[in-house]
Amino acid sequence: MTQIQGGCLCGAIRYTSAAQPLMTAVCHCKHCQRQSGTAFSVLVALPAGTLELQGEAPATYQDRGESGLAVMRHFCGKCGSPISSQVEAMPGMDWLKAGTLDDASWLQPQVAIWCDHAQPWVPLGETMAQFPKNPPPQA
Ligand SMILES: [Zn+2]
Ligand SMILES: [Zn+2]
């Protein structure tokens, strides 16, 4: 049983979810690199609406994916921690940034996406399914 619980760096935003993840992934896209300030995002996809936020309302940056569709990137307006994203091209899911989990010891990402943009030193992990861009809808 997965316990989804976490929050931003400063603690202004906390969250829980009782849902089971739909997917766990690593995203190497350039936008995740910029937003996180590091080489990739680690993501837990939850059924939309199952992420319960407490504390301050997150700030939102409306980004745009390569498809031209919106990517809503939610983050803490006080400390800047990215919390979650909603990707219009992949509806029905909230993409939680796994670095904000209190305990991520259970997490084993299943897929690596946007591998075309991975920084060259990053091992892509033999245990993960790899996709050059977004995964196909059934992945
Ligand atoms: Zn914060
Ligand atoms: Zn990304």
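Here Ala, Val, Leu, Ile, Met, Phe, Trp, Tyr, Cys and Pro count as nonpolar, Asp, Glu, Lys and Arg as charged, and the others, Gly among them, as polar. With that in hand, the lining of the largest pocket divides into 13 nonpolar, six polar and seven charged residues. The model you are looking at is predicted. Below is a short tour of its pocket, its zinc site and a handful of residues worth a look.

**The largest pocket**

- The volume of the largest pocket comes to about 430 Å³. Its lining is made up of 26 residues, and those closest to the centre are Cys29, Gly65, Val71, Trp114 and Asn134.
- Several named elements take part in this lining: helix α1 (30-36) and the strands β6 (59-64), β7 (70-75), β8 (82-87) and β9 (93-97) each supply at least two residues.
- Trp114, one of the residues closest to the pocket centre, sits in the loop between β10 (111-113) and β11 (129-130). Its backbone is worth checking on screen, since Trp114 is not a glycine and yet has a positive phi of about 55°.
- Trp114 has a relative accessible area of 11%, so it counts as buried, the limit for that class being under 20%.

**The zinc site**

- Three cysteines act as protein donors of the zinc ion (ligand 2): Cys27, Cys29 and Cys32, each through its SG atom, at 2.2 to 2.3 Å from the ion.
- The spacing of these donor residues along the sequence is C-x1-C-x2-C.
- Cys27 and Cys29 are both buried. Cys29 thus links two topics, as a donor of the zinc ion and as one of the residues closest to the centre of the largest pocket.

**Gln35 and Ser81**

- Gln35 belongs to helix α1. Because its relative accessible area is 24%, Gln35 is partly exposed.
- Leaving out residues up to four places away in sequence, Gln35 touches Arg73, Phe75, Pro82 and Lys97. With Arg73 there is also a polar contact, side chain to side chain, at 2.9 Å.
- Ser81 lies in the loop between β7 and β8. With a relative accessible area of 12%, Ser81 is buried.
- The contacts of Ser81, again not counting residues up to four places away in sequence, are Cys8, Leu9, Phe75 and Cys76. Phe75 appears among the contacts of Gln35 and also among those of Ser81.
- Along the chain Gln35 and Ser81 are 46 residues apart, while their C-alpha atoms are 9.2 Å apart in space.

**Ser17**

- Ser17 is part of strand β2 (residues 13-17). Its relative accessibility is 5%, so Ser17 counts as buried.
- A polar atom of the Ser17 side chain lies 3.2 Å from the backbone nitrogen of Ala19.
- Beyond its neighbours within four places in sequence, Ser17 is in contact with Ile4, Leu46, Thr50 and Leu51.
- Ser17 and Gln35 are 18 residues apart in sequence, and 23 Å separates them in space, C-alpha to C-alpha.

**Two prolines**

- Pro91 is located in the loop between β8 and β9. With a relative accessible area of 64%, Pro91 is exposed.
- The C-alpha atoms of Pro91 and Ala12 are separated by 27 Å, the two residues being 79 apart along the chain.
- Pro132 lies in the segment after β11. At 44% relative accessibility, Pro132 counts as partly exposed.
- Setting aside residues up to four places away in sequence, Pro132 touches Trp114, Cys115 and Asp116.
- From Pro132 to Arg73 the C-alpha separation is 22 Å, with their places 59 residues apart along the chain.

Technical notes
Residues numbered from 1 in each chain as written. Chains lettered and ligands numbered in written order. Predicted model: local features only at pLDDT ≥ 70, side-chain atom pairs only at ≥ 80, totals over all residues. Heavy atoms only, no water. Helix = DSSP H or I, 4+ residues; strand = E, 2+ residues; numbered from the N terminus. Buried < 20%, exposed > 50% of the residue type's maximum accessible area, 1.4 Å probe, protein only. Polar contact = N/O pair within 3.5 Å; in protein donor to acceptor, adjacent residues only side chain to side chain. Contact = heavy atoms within 4.5 Å. 1 Å grid on protein atoms, 1.4 Å probe; cavity = no way out; pocket = protein on both sides within 12 Å on 5 of 7 lines; lining within 4 Å. Points joined across faces, edges and corners; volume = space filled by probe spheres on them. Donors = N, O, S within 2.8 Å, 3.2 Å for Na, K, Ca; no water.
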